[in-house]
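Please open the model in a viewer with residue selection and cartoon display enabled. The stops below are arranged so that each selection leads to the next.

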Amino acid sequence: MIKENQKLRICHVAMGDLWAGAEVQLVVLIEVLLRFQELDLTVVLFNEGRLAIELQKLRVPVYIFPETAQSSLKILQQLTDYCRERKFDLLHTHKYKDNILGAMAAARSGVPYVVRTVHGLSEPFKGLPSIRMRFYEFCDDVVIRTKVNRLIAVSSQIGHLLSQKFGSASVVKIHNGIPIEHVQQAKPYEEVRKHLDVDKVEIIIGTVGRLTPVKAHEHFLTAAKQLLQSHKNLCFVIVGSGPRRRFLEEIARKSDISSKVRFLGHRDDTRDLIRAMDIFVLPSLHEGIPMVLLEAMALARPIVASAVGGIPEVLTNQVHGLLVPPAKPDEIVGACEAFLSDPLFMEKCGQAALTRVKQEFSSELMGAKVVTLYRQLFQE
């Protein structure tokens with residue numbers, strides 16, 4: 001039991017190998033949790049990188065047990081020793097590997113509670129990566145059943161699937177959130193467009209995301225080709241890096257639209273770029289609650305998004321934006337046409353999206369719900 005006025009010692013364990021939605025969400029969560037005086041926070045990562053840098057900026061203690069330099073068994077032993085030394089009250093994990101090793105270390109070192117956030121569904125793989133992913137999922141399922149006390153689902157769809165597999169008593173839905181006040185601090189629209197060398201009469205249709213199959217950028221490019229046939233004043237922007245860049249650039253070249261498509265790669269000024277987009281498109285094949293969608297809503301952008309995962313929970317069709325079936329470029333074209341033909345409708349959807357994200361998807365609300373979950377575990 002935790003004595004009165006004693007801080008809860010919480011350790012978040014994460015891979016730290018990527019800088020994507022789950023990693024951004026962890027930084028946002030930690031920033032909010034640091035405001036709760038009852039918490040003593042620490043983060044353990046298995047990789048150096050952008051996540052470690054962003055967390056260190058928050059002045060939260062970050063310890064790295066690098067997976068590139070040692071085996072998983074060695075990391076497990078190090079993490080077990082570290083947990084035993086620090087006497088943590090709760091471990092909070094985020095992905096397959098950090099949950100497997102973190103929960104096992106908690107059990108071996110006497111940490112009483114483990115919480116696992118499920119940020120999204122597993123991405124489709126083929127060949128050897130598919131076999132490896134199924135193995136990770138099997139091990140993760142075993143650990144969840146035997147050693148994890150609560151599962152946080154970031155969307156109703158994820159929550160439903162987890163409840164079917166592990167029972168509803170262990171599942172809590174807590175939507176992702178964003179720091180609204182930070183998102184609003186963007187550079188002027190005109191300044192960003194000038195930086196992109198976009199003509200004043202051009203309309204920017206853009207997307208942001210890792211260049212991986214699940215993000216379905218090829219459908220965005222197919223829609224771009226069709227839209228350019230009737231709208232010569234369009235410019236298409238793709239922000240993000242990943243293994244499919246050459247593949248996507250080749251699609252643009254073969255479609256004879258390369259001059260109208262900008263591949264910007266990884267950028268640190270993503271919010272400024274989203275704000276400069278006249279229409280934001282999210283063509284993903286599946287998602288949890290994507291951070292980039294919340295950011296686009298907070299920036300009052302007219303949004304066209306696939307009706308997959310948790311997106312319909314966030315964005316109501318014809319109210320906060322337009323939803324389209326996944327893998328249907330023609331539907332993306334139709335939605336963009338609807339916006340282009342009705343500027344007042346674009347403005348109305350953008351403002352409704354901003355109101356929605358302020359009311360339901362703030363980082364403060366997310367953090368408060370996570371702390372409530374921590375408290376409930378110890379009260380039980």
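Select strand 11 (279-282) and strand 12 (303-306): three bridges join these strands in the parallel sense. Strands pair if DSSP finds at least two bridges between them; strands (E, at least two residues) and helices (H or I, at least four) are DSSP runs numbered from the N terminus. Within this pair, Phe280 has Ile303 of strand 12 as its bridge partner. The model is predicted, so local features need pLDDT of at least 70 and side-chain atom pairs count only at pLDDT 80 or more, while totals for chains, interfaces and linings use all residues. Residues are numbered from 1 along each chain as its sequence is written, and side-chain values use heavy atoms, with hydrogens and water left out.

Next, add strand 8 (203-208). Strand 8 runs parallel to strand 11, with two bridges between them, and Ile205 is partnered by Ile279. Now show the side chains of strand 11: Ile279 and Val281 on one side, and Phe280 and Leu282 on the other, are all buried, that is, under 20% relative accessible area with a 1.4 Å probe, protein chains only.

Extend the selection to the whole sheet, which is open and holds six parallel strands in the order 10-9-8-11-12-13. Strand 10 (261-265) and strand 13 (322-324) are the edges; each has a single partner strand, so one side of each lacks a neighbour in the sheet. From one strand to the next, the twist averages 20°. Towards the strand 10 edge, four bridges link strand 9 (residues 234-239) to strand 10, and Val239 is partnered there by Gly265.

Then select helix 12 (residues 291-298), which lies across strands 8, 11 and 12 and runs at about 165° to strand 11. The angle is taken between N-to-C directions on a scale from 0 to 180 degrees, using axes fitted to C-alpha atoms, for helices over the stretch in contact, where contact means heavy atoms within 4.5 Å.

Which residues should be selected to display the lining of the second largest pocket? Choose Ser72, Leu73, Leu76, Lys97, Ile100, Leu101, Met104, Phe135, Tyr136 and Cys139. Helix 4 (96-109) is among the elements giving two or more residues to this lining, and its four residues form the largest share.

Finally, select the cysteines. The whole structure contains zero disulfides, defined as cysteine sulfur pairs within 2.5 Å. For Cys11, the nearest cysteine sulfur, that of Cys83, is 5.6 Å away.

Conventions
On a 1 Å grid over the protein atoms alone, a cavity is a set of points where a 1.4 Å probe fits but cannot get out, and a pocket is an open set with protein on both sides within 12 Å along at least five of seven lines; lining residues have an atom within 4 Å of a point. Buried means under 20% relative accessible area, exposed over 50%, partly exposed in between (1.4 Å probe, protein chains only).
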